[in-house]
Amino acid sequence: MNKQAITNYDLKHIGELSVSSSQVLDAVRTKLLEPEPRKLAPSFSSAHLATLLDLDRRRINQLASSESNDLPEGEIPDGSNARHFTLAETLAYVQKFNPRPKRPAGQRGRIICTTVFKGGTGKTTSSFCIAQGLTLRGARKVLLLDADPQGTLTQLAGFAPDVDIDDESTVMPYLYGDQPDLRYAVKKTYWENLDLIPANISLYGADFYLPARYSKDRSYKFWAAMHSGLMDLAQDYDAIIIDCPPSLNYLTFNMIFSADGIIMPIPPNSVDFASSTQFWRLVYQMFEGILGSTAEGGEKPSLDDIPAVRDKTFDFISVVPSRVKAKEMSTLITGWMAKAFGEHLTTISIPESAAVDNFSFGLMTVYDQTKAIGSNAAFRKYKDRMDELVDHVDLQLIRAWGQDWEMDNE
Ligand SMILES: Nc1ncnc2c1ncn2[C@@H]1O[C@H](COP(=O)(O)OP(=O)(O)OP(=O)(O)O)[C@@H](O)[C@H]1O
Ligand SMILES: [Mg+2]
């Protein structure tokens, strides 16, 4: 019998593989995302705008054609009899008619982390949709921070992490102490009122730098390296949404330490549920570890503006069943999740949806689409749940600002 030859792959081979695979990725991406700019915001018909504002469509047309207000007229494209509005124009209407309380003067925006250490649970999709939805449904100004070296959020925002983003435009220079604040890293995106601090592979450096610096200088607060930068930016935004990688690394822990709220999307299956319980244990152990091994455990007051670890609180922690399949099993495990997370488990669950496959191929989300691709019912069902998640987060912002407000769907 012929023995099959065993091939050994050396480092040179790995190098070649890395070059050939990124060349293919570049070619695919250029084809998919041409022309520049890579992403364009959708335009909204008067019917769509009417739904968004909960106004009659005729009222929109009246407002748009009236000379006595400063609202945008929109445009009636050739071959259409409906008025269309750009995203900027749409947001002008949203700003004017949105009844939700605004952020009071003197209050900062809230910092929200999407995190769990299991991969593929819908963290990035939720982060991006929540940010887009907050601008559209709550008239908010939002900053997205990509804390994942994979840079998926950066891609959804229209940038290719390995081509468009150099290391100097990520959080890393701030983390290394080479920049006084995070403002250098903020980029405008194709979506109005939605800015981005992008990521690329250089973020892996945080896991070497932070422990190494701490081992040399025991007074260095490796868990609070992002804190002042984030608090400073929070003055300019209603919300900062941080998309974390599927791991509890040093950078993620920094984001959790600075966060006011946590969104944890978990698919109701036993593996993801188990992983989510481990996540909480690990977060707790990390906080405990800091308290045990530093002066923070004792009575010594903090000398800087960084809050003491023992005083850390969160405004909200929301566990969101995500990618929920229409199977009995999901219901059973959602029951376990309710027992495990109690009040933190939201009643909103995001379905696993073929609608997502239809648009995520072009790096789109449900808010990039104003019409269904594929089944209208599947699109509607998914979008309605995502709207509810956005409203849930908006409500947390409103509450954190000490305002009184009831959401229709809460
Ligand atoms: N509700 C959904 N239905 C179907 N597919 C989904 C849904 N949500 C996300 N996806 C798809 O699943 C994949 C993973 O989603 P996403 O990137 O949001 O997860 P993640 O938790 O951020 O992953 P990672 O852990 O790698 O960061 C993507 O291809 C996305 O389009
Ligand atoms: Mg992700």
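# A walk from the ligand outwards

Let's start at ligand 1: the largest share of the shell around this ligand comes from helix H5, which gives 3 residues. Before going on, keep in mind that you're looking at a predicted model.

Which residues come nearest to ligand 1? Out of the 17 residues around the ligand, those are Lys-123, Thr-124, Thr-125, Pro-246 and Ser-360. Two elements give two or more residues to this shell: helix H5, running over 123-138, and helix H14, covering 354-360. As for chemical character, the shell holds 9 polar residues, along with 4 nonpolar and 4 charged ones.

Now stay with H5 and look for helix H15, residues 376-400. The axes of H5 and H15 come within 9 Å, crossing at roughly 75 degrees. So H5 is roughly perpendicular to H15. On the H5 side, the contact is made by Ser-126, Cys-129, Ile-130, Gly-133, Leu-134, Arg-137 and Gly-138. H15 answers with Met-386, Asp-387, Leu-389, Val-390, Asp-391, Val-393 and Asp-394. Sort the residues of this contact by class and you get 7 nonpolar, 3 polar and 4 charged.

Time to zoom out. The domain assignment splits the protein chain into domain 1, 44-97, and domain 2, 110-400. How far apart are the C-alpha centres of the two domains? For domain 1 and domain 2, the distance between these centres is 33 Å. The two domains do touch, with 8 residues of domain 1 and 7 residues of domain 2 taking part in the contact. On the domain 1 side, H2 and helix H4 (87-97) each supply at least two residues. H4 gives the most to that side, with 5 residues. What classes do you find on the side of domain 1 that touches domain 2? There are 6 nonpolar residues and 2 polar ones, but no charged residues.

H4 deserves a second look. Its buried residues are Leu-87, Glu-89, Thr-90, Leu-91, Tyr-93 and Val-94. What do these buried residues pack against? Their partners are strand E1 (44-45), H2, strand E2 (84-85) and H5. You've met H5 already, as the helix with the largest share of the shell around ligand 1.

H2 has another partner too. Helix H2, residues 46-53, and helix H3, residues 57-65, have axes that come within 8 Å and cross at roughly 105 degrees. That crossing is why H2 counts as roughly perpendicular to H3. Ser-46, Ala-47, Leu-49 and Ala-50 of H2 make the contact with Arg-57, Ile-60 and Asn-61 of H3. By class, this contact has 4 nonpolar, 2 polar and 1 charged residues.

Finally, find Ala-157, in the loop between helix H6 (152-156) and helix H7 (161-164). Is Ala-157 buried or exposed? Ala-157 is buried, because 26 other C-beta atoms lie within 10 Å, and a count of 20 or more is what it takes to be buried. Setting aside neighbours within four places in sequence, Ala-157 is in contact with Leu-144, Thr-189 and Leu-196. You can also trace from Ala-157 to Asn-193: these two are 36 residues apart in sequence and 12 Å apart in space, C-alpha to C-alpha.

Conventions
Residues numbered from 1 in each chain as written. Chains lettered and ligands numbered in written order. Predicted model: local features only at pLDDT ≥ 70, side-chain atom pairs only at ≥ 80, totals over all residues. Near = placed C-beta within 6 Å. Helix = DSSP H or I, 4+ residues; strand = E, 2+ residues; numbered from the N terminus. Nonpolar A, V, L, I, M, F, W, Y, C, P; charged D, E, K, R; others polar. Axes fitted to C-alpha atoms, helices over the stretch in contact; angles between N-to-C directions. Parallel < 35°, antiparallel > 145°, perpendicular 65-115°, else oblique. Domains from an automatic or database assignment. Buried ≥ 20, exposed ≤ 12 C-beta atoms within 10 Å, placed from the backbone.
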